[in-house]
Amino acid sequence: MTAKIEFWLAPRLLSKPIAATYLGISERTFDRLKSASNFPDPIRIGRRRLWDRVAIDQYFDELIESLKPPKVNPFDSIDWNAKRREIEGSSGKGRVSKFR
């Protein structure tokens with residue numbers, strides 16, 4: 001069963017069907033997601049278990065950020081002084097005469 005929700009009026013605490021709909025997944029997939037180690041625990045209010053929408057958003061923000069490749073500049077790993085010494089040493093004159 002899919003719950004319907006008006007997203008312009010999304011409540012802060014979501015039941016399982018509403019939370020699954022909010023994420024665009026089935027309740028079964030939501031159950032599997034709940035078993036993930038870092039997924040936010042529900043808040044108990046009486047007999048109801050409700051998930052904090054903001055905590056869910058933060059969980060996915062961190063998950064997406066961790067999946068992004070690191071921003072590495074390939075030129076940062078080059079030892080430019082060693083390259084310069086290698087080029088200067090190959091010419092024998094202390095200056096660059098050609099590139100390999």
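These numbered points walk through the helices, the sheet, the core and the aromatic rings of a model that is predicted.

1. **Helix α1 and what it packs against.** A good place to begin is helix α1, which covers residues 16–23 and whose buried residues are Ile 18, Ala 19 and Ala 20. These buried residues pack against three elements of the structure, namely β1 (13–14), α2 (27–34) and α3 (53–67). Just after α1 comes Gly 24, and this glycine takes a positive phi of about 80 degrees.

2. **How α1 meets α2.** The axes of α1 and α2 come within 9 Å and cross at roughly 95 degrees, and a crossing angle that lies between 65 and 115 degrees counts as roughly perpendicular, which is why α1 is described as roughly perpendicular to α2. On the α1 side the residues that meet the other helix are Lys 16, Pro 17, Ala 19, Ala 20 and Leu 23, while α2 brings Glu 27, Phe 30, Asp 31, Leu 33 and Lys 34. Ala 20 deserves a look of its own: if residues up to four places away in sequence are not counted, Ala 20 touches Ile 25, Ser 26, Glu 27 and Phe 30.

3. **The sheet.** Turning to the strands, 3 of them form an open sheet in the order β1-β3-β2, with antiparallel pairing. The edge strands are β1 and β2 (43–45), each of which pairs on one side only. Between β1 and strand β3, the latter made of residues 48–52, there are 2 bridges in the antiparallel sense, and Leu 14 has Trp 51 in β3 as its bridge partner.

4. **The hairpin.** On the other side of the sheet order, β2 is joined to β3 by 3 bridges, and the two strands run antiparallel. Here Ile 43 finds its bridge partner in Leu 50 of β3. The two strands β2 and β3 form a hairpin with 2 residues between them, and in the turn Gly 46 has a positive phi of about 65 degrees.

5. **The nonpolar core.** Which residues make up the largest nonpolar core? It has 10 residues, and these are Leu 14, Ile 18, Ala 19, Ala 20, Phe 30, Leu 33, Phe 39, Trp 51, Ile 56 and Tyr 59. The elements that give two or more residues to this core are α1, α2 and α3, and α1 gives the most, with 3 residues.

6. **An aromatic pair across the chain.** A search of the whole structure finds 4 aromatic pairs. In one of them, the rings of Phe 39 and Tyr 59 have their centres 5.1 Å apart and their planes at 80 degrees, so the pair is edge-to-face. This pair links distant parts of the chain, since Phe 39 sits in the loop between α2 and β2 whereas Tyr 59 belongs to helix α3, 20 residues apart. Phe 39 is buried, with a relative accessible area of 4%, and Tyr 59 is buried as well, with a relative accessible area of 13%.

7. **A second pair and the cluster.** The rings of Tyr 59 and Phe 60 have their centres 5.1 Å apart and their planes at 85 degrees, so this pair, too, is edge-to-face. Is Phe 60 buried or partly exposed? With a relative accessible area of 22%, Phe 60 is partly exposed, because buried means under 20%. Taken together, Phe 30, Phe 39, Trp 51, Tyr 59 and Phe 60 form one aromatic cluster.

Terms used:
Residues numbered from 1 in each chain as written. Predicted model: local features only at pLDDT ≥ 70, side-chain atom pairs only at ≥ 80, totals over all residues. Heavy atoms only, no water. Buried < 20%, exposed > 50% of the residue type's maximum accessible area, 1.4 Å probe, protein only. Helix = DSSP H or I, 4+ residues; strand = E, 2+ residues; numbered from the N terminus. Contact = heavy atoms within 4.5 Å. Pairing = 2+ DSSP bridges. Phe/Tyr/Trp six-rings, centres within 6.5 Å; stacked < 30°, edge-to-face > 60°. Core = buried A, V, L, I, M, F, W, Y, C linked by side-chain atoms within 4.5 Å. Axes fitted to C-alpha atoms, helices over the stretch in contact; angles between N-to-C directions. Parallel < 35°, antiparallel > 145°, perpendicular 65-115°, else oblique.
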